[in-house]
Every structure is written in C-alpha cells, then in structure tokens.
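Biologist: I should like to learn how to read a protein model feature by feature. Could we work through one together?

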Amino acid sequence: MFAPRVGVASLRRLINAPRTVAGGLRWKSALVSAVPTDPEAYVSNKLAMFDAMQFTPIRESTVSREMTQRYMSEMLDYAETDVVIVGAGSAGLSCAYELTKHPDIKVAILEQNVAPGGGCWLGGQLMSSMVVRKPADEFLDELEVPYDDQGDYVVVKHAALFMSSVLRKALIAPNVKLFNAVAVEDLLVRQEPESVAVRGVVTNWSLVTQNHDTQSCMDPQVMEAKVVVTATGHDGPMGASSAKRLESLGALPSGLPGMGALDMNTAEDAVVQMTSEVVPGLIFAGMEVAEARGCNRMGPTFGAMLLSGQKAANLAIQALKRSKA
C-alpha cells in the first residue's frame, strides 16, 4: 500500500477564494478527492447543473487571435533569453524547476514532441510505478509528491504523478516558457581559441524538421541564449543531439563512447558527477551525459535524472554570472 508522506494536509484544505501568483495567473482551488456527504444528492445536483449549463459566447476569431498573439509575442520575447533547456524530460524539467527559484533568469524549454515529459510518464517496460533511490527522494518531498518509503529507495505509485507535478511547478512560473513541437536543428556557436562556445540554438517546427527531405528548403530560426542546457536523452533519431553535433564540430573526440550497459549502482552516481559544462555555454544533463562520457545506463530508476537536472541548473547560474563579469 502506498502511504503518502507529504502534502496530505494541503490536499485536504478547501480554499474557495481566488488565488493569484506572480504573472497574474488566477484560479480557484477546490477540495481534492472530496467525498460528498450525500452522494446521491450530489450526483443529481451535478447532472442538473450540466443540463442547464451554457458557455459564455465567443467569436471564433477571438480564439485564433488570442493564441496567435500570445505565442508570437513569446517568440519575439524569447528570441534572446538567458537559459535554453533542450528536452522536456525528467532532467530538463527538473532543471527548469530549479531555475524557477531565480525569477530574474529567463528560461525557454524546447521540446520536439507535442507532449513534454520524455520517458518519465511511465516507469519501465510500460509499467507505471517509479523507483527513486535516496537521496533523490528529497526532491520529491520538495515537489510534494507522495511515495512509498522502502528504506534505501522510494516508489511513486505512478511516474505521471511526478511528471505532472514537476511540469506544473515549472510552467506556472512567470520566468519559464515551454515551446512544444519545436526541434533544435543545430547549435549557434562562436569560435574561441581553445574550442567553440555555444551561444544559442537553431530551431524549427518539429514537423518541418521531419520533412526536410520531402519538401523544398525550409530555413530555421535562431534563439540566442547565454547558456544552453542539453538534456535530449540517450541516442536515437533525435537523442543525444548536442553531443553528436559537438563531435561533428571537433569539440568532442571523434567516436562518442555511447552509454554503457546497465549498472544502476554506478550509473546514477556517474551521471550526476559528470553533469558539467562541456564547452563554454553548453551544459550536459541526464542521459545525454552517458552518451558523451560512456558511463553506464541506469534503466528504470530515476533519481539521477532529477539531481542531474538540478545540478545543471546551478551550473547554468554560475555560467550566467561568469558571462556578466
């Protein structure tokens, strides 16, 4: 049985007054999993409410204008930003959440898929439970994600509970913007005496990126950034993309080692320890670290993803301070 360790009191509170957070977002909270005192009357009242319900009128053009105006204004705003995070998986979103603690830092998350979350919506082999080795449980406590404490590790009853929690925490922050269905096609670099320095990313709609071979030239755009955190995961069609690009530029040795075979007890320590700024302005996080450094894979245990993302965020803050010096 799963016994939530945290968040019970907050889940049981009923708050009817509108709440406002930074950025002007407002909502009303309601009792989570409230049990009606009279279930039969509750159902009857709800059905009557739905039968009588009418949505407030709106023009279709208003919907289009709202979406287009807001998205395009965000594209203009984020054409130049402080931190770009490539990949909205467990490491990338943990990084973004950590950066919400520094509201003066502007953060853009780029995710090639429509849905963020990477492989962290499930545990392993399409099973739902999420195993997190200690001390990464402290991050779950911070997010108020309940879990079953098994001594040396904890188990979240469904990985989506973690993912939805960290995703909400990151996206509700006024300094973070997620751009879905946006692929990073290349790195923006500046040549320095020792190596290249990364100063942003080259972007395109994911559907365009996937159809370059079937259509005429469709040029990309650029997002300048002081720091790029790359967390695109292990190798695949679009995985380890920054690592492979640095290799082609000669900034990493030819012949990436790729991640080693599964060894949880060495892999998680190694991934966190090797999370680093590989070239000026580019920080590796998550399983892309293993691809570039050759450390073992960890399989269905997620602690290193969470802590690697947090470490990458703090490395990014250090790099930002250096760029201002």
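The dialogue below moves from confidence to folds, strands, backbone and rings.

Biologist: What should be known about the origin of the model and its numbering?

Modeller: This is a predicted model, in which local features need pLDDT of at least 70, side-chain atom pairs count only at pLDDT 80 or more, and totals for chains, interfaces and linings use all residues. Residues are numbered from 1 along each chain as its sequence is written, and side-chain values use heavy atoms, with hydrogens and water left out.

Biologist: What is the mean pLDDT of the protein chain?

Modeller: The term pLDDT denotes the predictor's confidence in each residue, from 0 to 100. Here the mean is 89, and 89% of the residues reach 70 or more. Residues 1–17 have pLDDT below 50, and this stretch makes 34 contacts (heavy atoms within 4.5 Å) beyond near neighbours in sequence. Where pLDDT is low, the predicted coordinates should not be read in detail.

Biologist: How many helices and strands does the protein chain have?

Modeller: Helices (H or I, at least four residues) and strands (E, at least two) are DSSP runs, numbered from the N terminus. The protein chain contains 11 helices and 15 strands. Of contacts between residues at least 6 apart in sequence, 69% join residues at least 24 apart.

Biologist: Which strands form a hairpin?

Modeller: Two strands pair if DSSP finds at least two bridges between them. Strand β9 (residues 182–191) and strand β10 (residues 196–205) are antiparallel, with nine bridges, and four residues separate them in the hairpin. Within this pairing, L187 has V201 in β10 as its bridge partner.

Biologist: What is the order of the open sheet of three strands?

Modeller: The order is β5-β7-β6, and the pairing is antiparallel. Its edge strands, β5 (130–133) and β6 (148–149), each pair on one side only. Four bridges connect β5 with strand β7 (residues 153–156), and V132 stands opposite V154 in β7.

Biologist: Where does a cis peptide bond occur?

Modeller: The cis bond joins K134 and P135, with omega about 15°. P135 is in the loop between β5 and α5 (137–143).

Biologist: Which non-glycine residue in the loop between β4 and β5 has a positive phi?

Modeller: That residue is L126, whose phi is about 65°; the loop runs between β4 (107–110) and β5. For accessibility, buried means under 20% relative accessible area, exposed over 50%, and partly exposed in between (1.4 Å probe, protein chains only). L126 counts as exposed, at 76% relative accessibility. E144, also not a glycine, has a positive phi of about 60° and is partly exposed at 45%.

Biologist: How many aromatic pairs are there?

Modeller: Rings of Phe, Tyr and Trp (its six-membered ring) pair if their centres lie within 6.5 Å; planes under 30 degrees apart count as stacked, over 60 as edge-to-face and the rest as tilted. By this rule there are five aromatic pairs. The ring centres of Y71 and F179 are 5.7 Å apart and their planes lie at 80°, so this pair is edge-to-face. Because Y71 belongs to helix α3 (residues 60–77) and F179 to strand β8 (residues 176–179), the pair ties together parts 108 residues apart in sequence. Y71 is partly exposed at 22%, whereas F179 is buried at 3%. Ring pairs link Y71, Y78, F179 and W205 into a cluster.

Biologist: Which charged end sits over the ring of F179?

Modeller: A charge sits over a ring if NZ of Lys or CZ of Arg is within 6 Å of the ring centre and within 35 degrees of the ring normal. The charged end of K177 does so over F179, 5.4 Å from the ring centre.
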